[in-house]
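Me: Please take me slowly through one turn of the chain and then through the parts of the protein around which the rest of the picture can be built. I am in my first year, and I would be grateful if each term were explained where it comes up.

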Amino acid sequence: EFHGNTNKNYGFASGGGGAIAHRPDLIAEVDTQQLRLSNCLFADNASVFPGGGAILAERGANVSGCTFYANDAGSGSGGAIMVGRLGSVQHWEAVLTISNSVLWGNTSADPPGDLERQYAWPLSYNVTLTSEYNCVQASSVPAGSGNINDDPRFVNEATRDLRLRRFSPAINAGDRLIRLTDIEDVNDNANDEELHPLDLDLLRRVRGSEVDMGAYEGPPCLADLNDDGVVNGADLGTLLGSWGACPGCEADLNGDGTVDGADLGTLLGAWGSCPGDAEDEEARMLSLGGTGLVPSDLMELLGASTIEDLVEILMELSPEARKGVLSLLEGW
């Protein structure tokens with residue numbers, strides 16, 4: 001996360017790039033000199049001319065699953081990102097690739113258009129732009145597959161909680177197949193060839209029908225497996241039905257490839273209406289249904305003192321008996 005950084009021009013060649021100024025060796029090949037960012041958050045960063053409120057990347061950048069909010073390029077261009085060489089004509093290629101990201105509320109004083117307030121390259125030559133499956137604040141939808149210009153509906157812009165609220169148009173709106181490769185092995189599974197598996201909260205990157213735009217998978221209600229706004233018996237049934245080895249499945253809440261007591265503990269701890277804004281609360285309450293027991297009541301009823309005890313008791317029952325016991329739970 002990059003918050004509140006400022007790059008001022010103190011007489012150097014460039015004051016661009018509030019958080020990152022990436023000006024590498026101009027001789028090296030472009031594919032070894034590009035900035036690479038995955039699942040990052042840039043908020044309230046600022047720069048001066050030539051621009052790039054968050055990032056100035058002379059040789060280009062590959063940005064995937066990131067969120068840029070309220071960055072300011074001052075007198076330059078590209079409130080979020082500025083790509084290209086400053087000053088003289090560049091004779092090498094610069095490539096800007098942006099995917100599965102949100103660029104919203106970024107500003108600059110010298111753009112030729114509202115799109116350039118988000119990302120720009122007016123001072124450079126030989127720039128190739130690829131924008132796919134991004135949510136970008138602009139008067140028209142940016143060119144490229146899957147892009148939108150709808151309000152992403154952050155949880156709380158004032159407090160900079162830039163996770164996505166329920167019913168955000170950016171949820172399930174990305175493309176999971178164009179995520180960057182996990183060359184850093186962020187989940188320590190000895191596989192650096194898989195697509196990036198985690199979001200900025202270190203939770204499973206794809207938790208719905210598709211990957212979400214931005215740095216976070218949303219809404220912030222991981223255990224709501226059927227996405228109806230409430231964690232209840234229906235979600236518990238899905239989890240128990242997936243018990244055991246289950247890599248990549250919805251019920252594997254911690255992304256370790258197995259549905260077990262750790263995932264059940266997460267679900268029971270989130271029982272009830274999902275957190276969110278008042279606008280969505282009525283929809284969540286309508287989804288609740290039922291007036292039965294809550295998990296702690298069920299544990300007491302079955303004599304289980306821990307989550308592990310509850311799991312063991314439930315898994316020893318026949319499927320029919322287990323369903324009967326779970327039917328006591330609220331919302332089942």
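Reply: Arg-160 lies in the loop that joins E16 to E17. The labels E and H stand for strands (E, at least two residues) and helices (H or I, at least four residues), taken as DSSP runs and numbered from the N terminus. The model is a predicted one, in which local features need pLDDT of at least 70 and side-chain atom pairs count only at pLDDT 80 or more, while totals for chains, interfaces and linings use all residues. Residues are numbered from 1 along each chain as its sequence is written, and side-chain values use heavy atoms, with hydrogens and water left out.

The two strands on either side of Arg-160 form a hairpin, with four residues between them. Strand E16 covers residues 154-156, and its pairing with E17 is antiparallel, over two bridges; two strands count as paired if DSSP finds at least two bridges between them. Phe-154 has Leu-164 in E17 as its bridge partner. Within the turn, Arg-160 has a positive phi of about 60° although it is not a glycine. As a rule, most residues other than glycine have a negative phi. Arg-160 counts as partly exposed because its relative accessibility is 28%; buried means under 20% relative accessible area, exposed means over 50%, and partly exposed lies in between (1.4 Å probe, protein chains only).

Strand E17 (residues 161-164) shows two faces: Leu-162 and Leu-164 are on the covered one, whereas Asp-161 and Arg-163 are on the uncovered one.

A positive phi is found again at Asp-44, where the value is near 60°. Asp-44 sits in the loop between E5 and strand E6 (46-47). Asp-44 is classed as partly exposed because its relative accessible area is 30%.

Strand E5 leads to the sheet. Five strands make up an open sheet in the order E1-E5-E9-E12-E15, with parallel pairing. Strand E1 (2-3) and strand E15 (135-136) are at its edges, each pairing on one side only. Further in, strand E9 (residues 67-69) and strand E12 (residues 102-104) are joined in the parallel sense by three bridges, and Tyr-69 stands opposite Trp-104 in E12.

After E17, the chain enters the loop between E17 and E18, where Cys-221 is found. Cys-221 is counted as buried because its relative accessibility is 9%. Although Cys-221 and Ala-270 are 49 residues apart in sequence, their C-alpha atoms are 7.7 Å apart in space.

The next subject is the packing of the interior. A nonpolar core is a set of buried Ala, Val, Leu, Ile, Met, Phe, Trp, Tyr and Cys residues joined through side-chain atoms within 4.5 Å. The largest one has 25 residues, and Leu-236, Leu-239, Leu-253 and Leu-267 touch the most other members. At least two residues of this core come from each of helix H1 (233-241), helix H2 (261-269), helix H4 (295-302), helix H5 (307-316) and helix H6 (319-326). Apart from this core lies another, of 22 residues, including Leu-35, Leu-37, Val-63 and Ile-98.

Helix H2 can be followed in more detail. Its buried residues are Gly-261, Asp-263, Leu-264, Gly-265, Leu-267 and Leu-268. They pack against strand E18 (230-231), H1, strand E20 (258-259), H4 and H5. At the start of H2, a side-chain oxygen of Asp-260 comes to within 3.1 Å of the backbone nitrogen of Ala-262.

For Leu-253, contacts (heavy atoms within 4.5 Å) beyond four places in sequence include Leu-239, Asp-263 and Leu-267.

Finally, some parts of the model call for caution. The mean pLDDT, the predictor's confidence in each residue from 0 to 100, is 80 for the protein, and 80% of its residues reach 70 or more. Among the elements, strand E5 (residues 41-43) has the highest mean pLDDT, 98, and helix H3 (residues 278-288) the lowest, 41. Over residues 276-291 the pLDDT is below 50, though this stretch has 32 contacts in the model beyond near neighbours in sequence. Where pLDDT is low, the predicted coordinates should not be read in detail.

Note on methods. A polar contact is a pair of N or O atoms within 3.5 Å; within protein, one must be able to donate a hydrogen and the other to accept it, and residues adjacent in sequence count only if both atoms are side-chain atoms.
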